[in-house]
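This report describes the fold and the surface of one protein chain, beginning with the chain as a whole and then turning to particular places on its surface.

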Amino acid sequence: MAEGQKSGYDGHPLAPVNGYARSDAEAATTNTEELRRQKRKKYLIYFAAFVVFQTLIIVLFSLTVMKVKTPKFRVRSSSWINMVDVQQTSFTLNMNAEFGIKNTNFGPYKYDSTMVYFQYNGIQVGSAVIPKSKANFLSTKKINVPVDLSSANLSGNTSNSEYLTLTSTARLSGKVELMLIFKKKKAVNMDCIMDVNTRTRELLNIVCK
């Protein structure tokens, strides 16, 4: 038997290993490893895309739903005005004023009671109480409150026309509640100017800052 040649159990020499078979096995192993690398690369791409998508969702959510905006507190109108006494030197009147609290947040705005003050030429001539309540999310809370106005604190002539120009000021404090968990304090100031037409008994030209 030639040197270096191995024999089988029956004494016959074994056939040499086929070089092509070895090459096919190595090629199969290489292909398997390449497929694994491609799968890992694909998973990494999917994971990166998922992270970017989640980040965008969080940023968008923070800039819209979770962003707390200051509500708006305004005088809206008056359903009726009763002229008790209106003269060139004095006035006494009652009106049913409608106030509005506009909440543009994705959660209710719960506010405390507050006072609204009415002035004529910088001097207080009346007030109204806004009771404690809440403005629902993405809505405007309308509140009707009786207001008594009197020039008793004024001196001299009050008006030389059919219009009484009034201003109203107030500060409303409360909290915006998001997702039933997060609460953010928000206070809003009212600063409005309006005209009372003593002839037609209307509240006109309401402008709020």
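## Overall surface

How much accessible surface does the chain have, and what percentage of it belongs to carbon and sulfur atoms? In this predicted model, the accessible surface of the chain comes to about 14100 Å², and carbon and sulfur atoms account for 55% of that area. Of the 209 residues in the chain, 29% are buried.

## Elements and contacts

The chain contains one helix and ten strands, and, read from the N terminus, the order of these elements is α-β-β-β-β-β-β-β-β-β-β, so that the helix precedes the strands under the numbering of DSSP runs from the N terminus.

Among the contacts in the chain with a separation of 6 or more, 64% are between residues that lie 24 or more positions apart.

## A positive patch

Arg36, Lys39, Arg40 and Lys42 form a positive patch on the surface. One of these residues, Lys39, is located in helix 1, which spans residues 19-63.

The relative accessible area of Lys39 is 52%, and Lys39 therefore counts as exposed, since that term applies to values over 50%.

## A nonpolar patch

A nonpolar surface patch is made up of Met179, Leu180, Ile181 and Phe182, which together have about 500 Å² of accessible area. Within this group, Met179 lies in the loop between strand 8 (163-178) and strand 9 (182-197).

Key: Residues numbered from 1 in each chain as written. Predicted model: local features only at pLDDT ≥ 70, side-chain atom pairs only at ≥ 80, totals over all residues. Heavy atoms only, no water. Patch = residues over 30% accessible without salt bridge, like charges linked within 9 Å, V, L, I, M, F, W, Y side chains within 5 Å. Areas by Shrake-Rupley, 256 points an atom, 1.4 Å probe, with all protein chains shown as cover. Salt bridge = Lys/Arg side-chain N within 4 Å of Asp/Glu carboxyl O. Lys, Arg positive; Asp, Glu negative; His and termini not counted. Charge placed at Lys NZ, Arg CZ, Asp CG, Glu CD. Helix = DSSP H or I, 4+ residues; strand = E, 2+ residues; numbered from the N terminus. Buried < 20%, exposed > 50% of the residue type's maximum accessible area, 1.4 Å probe, protein only. Contact = heavy atoms within 4.5 Å.
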